Amino acid sequence: MAKLKEGEIFSVKGKELDSAVLCTNSCSFVLRKAETTNLLAFCEVQNSQVSDTDTGVGKLIIRATPAFHLDLSKENTGKGALSALLKEYCIANREDFYEGKKFISWSQLQNEIPCSSEELESLLKMAMVMQKDGHWAALAESWIEEIVSLVLTSMLAEDMALDKINVEKLCSVLKDEVPPPVLKHIVVSFSDNCHHPNEKTASMSAKLICRFLAKRLLRVEDRWVKREFEMTLKNALHGLADFDPCCIEDVCIEVPGTPEPLVVKCILEELPDLPKLRFRHLFQIKRQYKHKEILPFLKHIQSPDTADRLLLKYAKSGKVQNQDGSATRVYTERA
């Protein structure tokens, strides 16, 4: 309401069969009609305006009894719509890039995706969507994987380190395989720092590379022997960095297996946004979690509560005895 009084322009988005979404510059709310029988509309008036037929108390009188009102709920409304739209605007190879037919304008994105401008920019960044001449397009995951592999092997051959990449030299080495703007976009997308695409040197994060490759592997096969899974990721780094198990803590869950432990697909970005559905999904994969196991999956959730408060609401806490006599707190599904 404060933003509205300040003059900020709001918009309502949504297709014919979808829910209406109220968008500000920074956030969005789903509008839902709620019927009511006891809602009273008051307005402030001067005492001289109160007539005998009005039910007034001081300067407030009842002017109407609305039959319904609009509820506003903050939800991640744009994620699914953007994912579906980008299937039409997805570049799978260098030919697609140079043809330029699979790019969408910013105004089209704003019209199609029911969320605020700030939320849309964040979603585009998470999806590694690249910009060219004021238009946007996604890169196919298979092509990103191919480019990352080319980049890492070329860095190894050129004796480059992940934290000091000569971008111009890399573009020159790979110019016949990867368009330079695409290669620069990939380097920036896998960086922990905010490098400008035109900077001569940059760094790439081994953690972000491993996480991306882990998601690719899990989308092909959703269950792996843990040892083989981690070895595959370690090999994919070509010795340019050490493998850190923390980089995959929010893309898979370790479960018991025979004879070795397994990891099962559970990618944070693909989990339900609502807390109840999120916890139901997690407990379908595994019946019991330690605190450090479940915590990574309680991010980006539609609730003002902290992760620990969500655990109190939607999980049951208990303790299990360890072999050394100590106890570990665990969480199971609440009945």
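Analyst: Two strands are taken to pair if DSSP finds at least two bridges between them. The model discussed here is predicted.

User: How many bridges join β15 to strand β16?
Analyst: Strand β15 covers residues 252-255, and β16 covers residues 262-265. The two strands run antiparallel, and a hairpin of 6 residues links β15 to β16. Pairing requires at least two bridges, and the number joining β15 to β16 is 4.

User: Which residue in β16 is the bridge partner of Ile253?
Analyst: Ile253 belongs to the β15 stretch, residues 252-255. Its partner must be sought in β16, residues 262-265. The bridge partner of Ile253 there is Val264.

User: Which residue in β16 does Arg223 stand opposite?
Analyst: Arg223 lies in β14, which spans 223-225. Between β14 and β16 there are 3 bridges, and the two strands run antiparallel. In β16, the residue opposite Arg223 is Val264.

User: In what order do the 3 strands form an open sheet?
Analyst: The pairing in this sheet is antiparallel. Strands β14 and β15 each have a single partner strand and stand at the edges, so one side of each lacks a neighbour in the sheet. Neighbouring strands are turned against each other by 30° on average, with direction ignored. The order is β14-β16-β15.

User: At about what angle does helix α10 run to β14?
Analyst: Helix α10 comprises residues 226-236. This helix lies across β14, β15 and β16. Relative to β14, the angle is about 90°.

User: Is α9 roughly parallel or oblique to α10?
Analyst: Helix α9, residues 206-220, packs against α10 with the axes 10 Å apart and at an angle of about 130°. An angle counts as roughly antiparallel only over 145 degrees and as roughly perpendicular from 65 to 115 degrees. The value for this pair therefore makes α9, with respect to α10, oblique.

User: Is the crossing of α9 and α10 left-handed or right-handed?
Analyst: On the α9 side, the contact comprises Cys210, Leu213, Ala214, Leu217 and Leu218, which meet Phe229, Thr232, Leu233 and Ala236 in α10. By class, this contact has 8 nonpolar residues, 1 polar residue and no charged residues. The crossing of the two helices is right-handed.

User: How far apart are the axes of helix α6 and helix α8?
Analyst: Two packed helices are described by the angle between their axes and by the distance between the axes. For α6 (residues 141-157) and α8 (residues 180-189), the angle is about 85°. The two helices are therefore roughly perpendicular to each other. Their axes are separated by 11 Å.

User: How many residues of the contact of α6 with α8 are nonpolar?
Analyst: Trp143, Ile144, Ile147, Val148 and Val151 in α6 meet Val182, Leu183 and Ile186 in α8. No polar and no charged residues occur in this contact. The nonpolar residues number 8.

User: In what order do the 4 strands form an open sheet?
Analyst: Here too the pairing is antiparallel. Strands β1 (11-13) and β7 (68-74) have a single partner strand each and stand at the edges, so one side of each is without a neighbour in the sheet. On average, neighbouring strands are turned by 35° against each other, direction ignored. The order is β1-β2-β3-β7.

User: Which residue in β7 does Ala34 stand opposite?
Analyst: Ala34 falls within β3, residues 28-35. Strands β3 and β7 pair in the antiparallel sense over 7 bridges. In β7, the residue opposite Ala34 is His69.

User: Is Leu85 buried or exposed?
Analyst: Leu85 is located in helix α2, residues 78-86. Its relative accessible area is 10%. Since burial means under 20% relative accessible area, Leu85 is buried.

User: What separates the C-alpha atoms of Leu85 and Leu109?
Analyst: With neighbours within four places in sequence left aside, Leu85 is in contact with Ile104, Leu109, Glu112 and Ile113. Leu85 and Leu109 are 24 residues apart along the chain. Their C-alpha atoms are separated by 8.8 Å.

User: What percentage of the 335 residues in the chain is buried?
Analyst: The secondary structure of the chain comprises 13 helices and 19 strands. Among contacts between residues at least 6 apart in sequence, 56% join residues at least 24 apart. Buried residues account for 37%.

Technical notes
Residues are numbered from 1 along each chain as its sequence is written. This is a predicted model: local features need pLDDT of at least 70, side-chain atom pairs count only at pLDDT 80 or more; totals for chains, interfaces and linings use all residues. Side-chain values use heavy atoms; hydrogens and water are left out. Axes are lines fitted to C-alpha atoms, for helices over the stretch in contact, and angles run from 0 to 180 degrees between N-to-C directions. Contact means heavy atoms within 4.5 Å. Angles under 35 degrees count as roughly parallel, over 145 as roughly antiparallel, 65 to 115 as roughly perpendicular and the rest as oblique. A crossing is left-handed if the near helix is turned anticlockwise from the far one by less than a right angle, and right-handed if clockwise. Ala, Val, Leu, Ile, Met, Phe, Trp, Tyr, Cys and Pro count as nonpolar, Asp, Glu, Lys and Arg as charged, and the others, Gly among them, as polar. Buried means under 20% relative accessible area, exposed over 50%, partly exposed in between (1.4 Å probe, protein chains only).
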